[in-house]
Amino acid sequence: MKLLTLLVAVSAFAITFITIAQETVNPGGLATIRGAATIDETRPAEKLKRVIKDKNPIARNYVHQPPVIPHQIRGYRVDLNSNKCLNCHSWKYAAETGATKISLTHYETRDGKTLSDVSPRRYFCLQCHVTQADAAPLVDNTFEPVESLGHE
Ligand code: HEC
Ligand code: HEC
C-alpha cells in the first residue's frame with residue numbers, strides 16, 4: 001500500500017513538473033540565427049547554398065582566416081581511414097596537383113610541437129574550411145580588412 005501511495009505521488013510530481021517545464025520554454029525575446037522559433041520548435045532547414053564552381057579563391061580578410069574552398073567537395077571523404085583533401089593538399093602531393101600546401105600550423109599540436117604529419121586537431125578540414133557560396137551575411141558587419149592584405 002505504501003508503495004502504491006509513493007508511486008502515485010511520484011507520477012503526480014512528474015506530471016506537474018513536465019507541465020511547468022513546457023509552459024516555461026521561451027526564447028526570451030532573442031532573435032538568433034535560428035530566427036524567432038521557440039526552443040522546443042524545430043524549424044525547417046535552410047535551403048542549401050549553391051557552391052560556386054571552381055572560381056578564383058575569395059581573398060582572405062585577416063591573416064589567420066581559414067581560406068574558403070574554391071572548388072566542389074562533393075564525395076570527398078574524410079574519415080578514420082582516408083582523407084581525400086590531403087590527397088591534393090598534403091606537402092607530398094601539392095606540387096603535382098597544383099593545390100595550395102596546408103600551412104605549418106596544420107602540423108602543430110596544441111602544445112606547439114611540430115609533427116611530421118598533419119596534426120589531429122587539423123585532420124577534419126571542414127571543421128574550419130567551407131566551400132565558397134554567394135551568401136548574404138547573417139548579421140550586419142562593418143569589419144574592414146587591412147590594406148596590407150591586398151584589399152582596396
Ligand atoms: C583533386 C585535388 C583536390 C582535392 C581532393 C581537394 N582540393 Fe582543395 N584545392 C585544390 C586546388 C588545385 C586548389 C587551388 C585552386 C586555386 O587556387 O584556384 C585548391 C584550393 C583549396 C583551398 C584554398 C586555398 C587558398 O589558399 O585560398 C582550400 C581551403 C581547399 N582547397 C580546401 C580543400 C578541402 C578542405 C578539401 C577536402 C574536402 C580539398 N580542398 C580537396 C585541389 C584539391
Ligand atoms: C582548426 C581549424 C582548421 C582545420 C581543422 C584545418 N584548417 Fe586549413 N587553415 C586554417 C587556418 C586558420 C588557416 C590560415 C593559415 C593558418 O593559420 O595556418 C588555414 C589555411 C589552409 C590552407 C592555405 C595554406 C596557406 O599557406 O595559406 C589550406 C590549403 C588549408 N588550410 C587546407 C586544409 C586542409 C586540407 C585541412 C584538412 C586536412 C585543413 N586545412 C584543416 C584552419 C584549419
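Buried means under 20% relative accessible area, exposed means over 50%, and partly exposed lies in between. The model used in these exercises is predicted.

**Exercise 1. Burial of two cysteines**

Task: Which burial class does Cys128 fall in, and which does Cys125 fall in?

Solution.
- Step 1. Place the residues. Cys125 sits in the segment after α3, which spans 91-97. Cys128 also lies in the segment after α3.
- Step 2. Take Cys128. Its relative accessibility is 44%, so Cys128 is partly exposed.
- Step 3. Take Cys125. Its relative accessibility is 15%, so Cys125 is buried.
- Step 4. Add the surroundings of Cys125. Leaving out residues up to four places away in sequence, Cys125 touches Asn83 and Cys85.

**Exercise 2. Two annotated sets**

Task: Find which residues UniProt lists under "binding site", and state how far each set spreads in space.

Solution.
- Step 1. Read the record. An unreviewed UniProt entry lists His71, Cys85, Cys88 and His89 as "binding site".
- Step 2. Check the spread. These residues span 19 residues of sequence, yet they cluster in space, with a largest C-alpha distance of 12.9 Å.
- Step 3. Compare with the pocket lining. His71, Cys85, Cys88 and His89 are included in the lining of the largest pocket.
- Step 4. Turn to the other annotation. The "binding site" label in the unreviewed UniProt entry also covers His106, Cys125, Cys128 and His129.
- Step 5. Repeat the spread check. This set is spread over 24 residues of sequence but clusters in space, and its largest C-alpha distance is 12.6 Å.
- Step 6. Repeat the pocket check. The lining of the largest pocket takes in His106, Cys125, Cys128 and His129.

**Exercise 3. The histidines His71 and His89**

Task: Describe where His71 and His89 lie, and what each one contacts.

Solution.
- Step 1. Locate them. His71 is in the loop between α1 (2-24) and α2 (86-89). His89 belongs to helix α2.
- Step 2. Assign burial. His71 has a relative accessible area of 24%, so His71 is partly exposed. His89 is at 24% relative accessibility and therefore counts as partly exposed.
- Step 3. List the contacts of His71, setting aside neighbours within four places in sequence. They are Val51, Asp54, Tyr76, His89 and Thr131.
- Step 4. Do the same for His89. Its contacts are His71, Ala94, Ala99, Thr100, Lys101 and Ile102.
- Step 5. Look at the polar detail. The His89 side chain reaches the backbone oxygen of Thr100 at 2.8 Å.

**Exercise 4. Pockets**

Task: Give the volume and lining of the largest pocket and of the second largest pocket.

Solution.
- Step 1. Start with the largest pocket. It holds about 1000 Å³ of space.
- Step 2. Read its lining. There are 36 lining residues, and Pro67, His89, Thr100, Ile102 and His129 lie nearest the centre. Helix α2 gives the most to this lining, with three residues.
- Step 3. Sort the lining by class. It has 19 nonpolar, twelve polar and five charged residues.
- Step 4. Move to the second largest pocket. It holds about 260 Å³.
- Step 5. Read that lining. It has 13 residues, with Lys49, Arg50, Val51, Gln72 and Thr131 nearest the centre. The classes are seven nonpolar, three polar and three charged.

**Exercise 5. The whole chain**

Task: How many helices and strands does the protein chain have, and what percentage of its residues count as buried?

Solution.
- Step 1. Count the elements. The protein chain has three helices and zero strands. Along the sequence the pattern is α-α-α.
- Step 2. Take burial. Of the 152 residues, 12% count as buried.
- Step 3. Check contact range. Among contacts between residues at least 6 apart in sequence, 44% join residues at least 24 apart.

Terms used: Residues are numbered from 1 along each chain as its sequence is written. Chains are lettered from A and ligands numbered from 1 in the order in which they are written. This is a predicted model: local features need pLDDT of at least 70, side-chain atom pairs count only at pLDDT 80 or more; totals for chains, interfaces and linings use all residues. Side-chain values use heavy atoms; hydrogens and water are left out. UniProt positions are given in the numbering used here, feature names are shortened, and annotations may be inferred rather than shown by experiment. On a 1 Å grid over the protein atoms alone, a cavity is a set of points where a 1.4 Å probe fits but cannot get out, and a pocket is an open set with protein on both sides within 12 Å along at least five of seven lines; lining residues have an atom within 4 Å of a point. Helices (H or I, at least four residues) and strands (E, at least two) are DSSP runs, numbered from the N terminus. Buried means under 20% relative accessible area, exposed over 50%, partly exposed in between (1.4 Å probe, protein chains only). Contact means heavy atoms within 4.5 Å. A polar contact is a pair of N or O atoms within 3.5 Å; within protein, one must be able to donate a hydrogen and the other to accept it, and residues adjacent in sequence count only if both atoms are side-chain atoms. Grid points are joined across faces, edges and corners, and a volume is the space filled by probe spheres set on the points. Ala, Val, Leu, Ile, Met, Phe, Trp, Tyr, Cys and Pro count as nonpolar, Asp, Glu, Lys and Arg as charged, and the others, Gly among them, as polar.
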